[in-house]
Amino acid sequence: MATKTATAKKAATQKKSVTPKKTTASKSTASKSSPKTPAKSDAASDLKDFFEDALKDIYWAEKALTKALPKMEKNATHPQLKEAITTHLKETEVHIMRLEECFKSLGLKPEAKKCDAMQGLLDEGKSIMEETKPGAIRDVGIIAASQKVEHYEIATYGSLAAYAKVLGEKKCLSNLLATLKEEKNCDKLLSTIADTALNNKAK
């Protein structure tokens, strides 16, 4: 019995407890601080500045759209689509007038600043027309390109309306919300035309 006890004690002494080694976590690339983008000399310093810059941006975008829409209408073949584009061209001209009223209410002269996002969307729309044959498939492409434009405008006017509300610019807010509603309606109409008349026909 004594021999067994001694053997057990010896085994317990010889058994070494394994303590996990502490590993130093390697610093991930994501944890490294990225360099800050330097601001331009005329960069916006408050919401009012940012709001005014954004107005100049969408003002350019709407003006560019008035030149692109007639080309889309000429390339479209479906009567409903052609009519929708023609109607939205007239609406876009009103949108420009509303933006000019916003500038006026802010005591500013209407100014357009190139919108890189809209330029990219319009360039893509042109490419889509070049890469599709006239007929149902090109109509589908025109709708896709147009809805990308609408979604950009919906996001932009939604943000602008929020800024106008915070800044207490009631005249601007009224105009921006009116335009936002029309952009949303146009987007819904394009979806309806695609779903009811074109997508299946383009198969």
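**View 1. The largest pocket of this predicted model.** About 340 Å³ of space sits in this pocket. It has 14 lining residues, and the ones closest to its centre are Ala68, Lys71, Leu122, Asp123 and Lys126. Look for helix 2 (47–75) and helix 4 (116–130) here: each one supplies at least two residues of the lining. By class, the lining splits into six nonpolar, two polar and six charged residues.

**View 2. The largest cavity and its lining.** One cavity of 30 Å³ or more turns up in the model, and the largest cavity has a volume of about 80 Å³. Which elements each supply at least two residues of its lining? Helix 2, helix 3, helix 5 (136–167) and helix 6 (170–198) do. Around the cavity you'll find Leu65, Leu69, Met72, Ala84, Ile85, His88, Ser146, Val149, Glu150, Cys186 and Leu190. As for the make-up of this lining, eight residues are nonpolar, two are polar and one is charged.

**View 3. Helix 3, end to end.** This helix takes in residues 79–105, 27 residues in total. At 1.5 Å a residue it should span 39 Å, and its end C-alpha atoms are indeed 39 Å apart, so the expected and modelled lengths agree. Just after helix 3 comes Gly107, with a positive phi near 75°.

**View 4. The buried residues of helix 3.** Leu81, Ala84, Ile85, His88, Leu89, Thr92, His95, Ile96, Arg98, Leu99, Cys102 and Phe103 are the buried ones. When you look at the spacing in that list, keep the helical repeat in mind: an α-helix has 3.6 residues a turn, so residues three or four places apart point the same way. Ala84, Ile85 and His88, buried here, also help line the largest cavity.

**View 5. Phe50 against Tyr163, one of two aromatic pairs.** The ring centres of Phe50 and Tyr163 are 5.8 Å apart and the planes meet at 65°; edge-to-face means over 60 degrees, so that is how this pair counts. The partners come from distant parts of the chain, with Phe50 in helix 2 and Tyr163 in helix 5, 113 residues apart. Is Phe50 buried or exposed, or somewhere in between? Its relative accessible area is 45%, so Phe50 counts as partly exposed.

**View 6. Tyr59 against Phe103, an edge-to-face pair.** Here the rings sit 5.5 Å centre to centre, with 70° between the planes. This pair also links distant parts of the chain: Tyr59 belongs to helix 2 and Phe103 to helix 3, 44 residues apart. Buried means under 20% relative accessible area, so Tyr59 makes the cut at 6%. Phe103 is buried too, at 0%.

**View 7. The largest nonpolar core.** This core has 43 residues, and Phe51, Leu55, Leu160 and Leu176 have the most contacts inside it. Helix 2, helix 3, helix 4, helix 5 and helix 6 each give two or more residues to the core. Which helix gives the most? That would be helix 2, with 12 residues. In soluble globular proteins, nonpolar side chains tend to be buried together.

**View 8. The whole chain, for orientation.** Pull back and you get six helices and zero strands, running α-α-α-α-α-α from the N terminus on. The chain has 203 residues, of which 36% count as buried.

Notes. Residues numbered from 1 in each chain as written. Heavy atoms only, no water. 1 Å grid on protein atoms, 1.4 Å probe; cavity = no way out; pocket = protein on both sides within 12 Å on 5 of 7 lines; lining within 4 Å. Points joined across faces, edges and corners; volume = space filled by probe spheres on them. Helix = DSSP H or I, 4+ residues; strand = E, 2+ residues; numbered from the N terminus. Nonpolar A, V, L, I, M, F, W, Y, C, P; charged D, E, K, R; others polar. Expected span 1.5 Å × (residues − 1). Buried < 20%, exposed > 50% of the residue type's maximum accessible area, 1.4 Å probe, protein only. Phe/Tyr/Trp six-rings, centres within 6.5 Å; stacked < 30°, edge-to-face > 60°. Core = buried A, V, L, I, M, F, W, Y, C linked by side-chain atoms within 4.5 Å.
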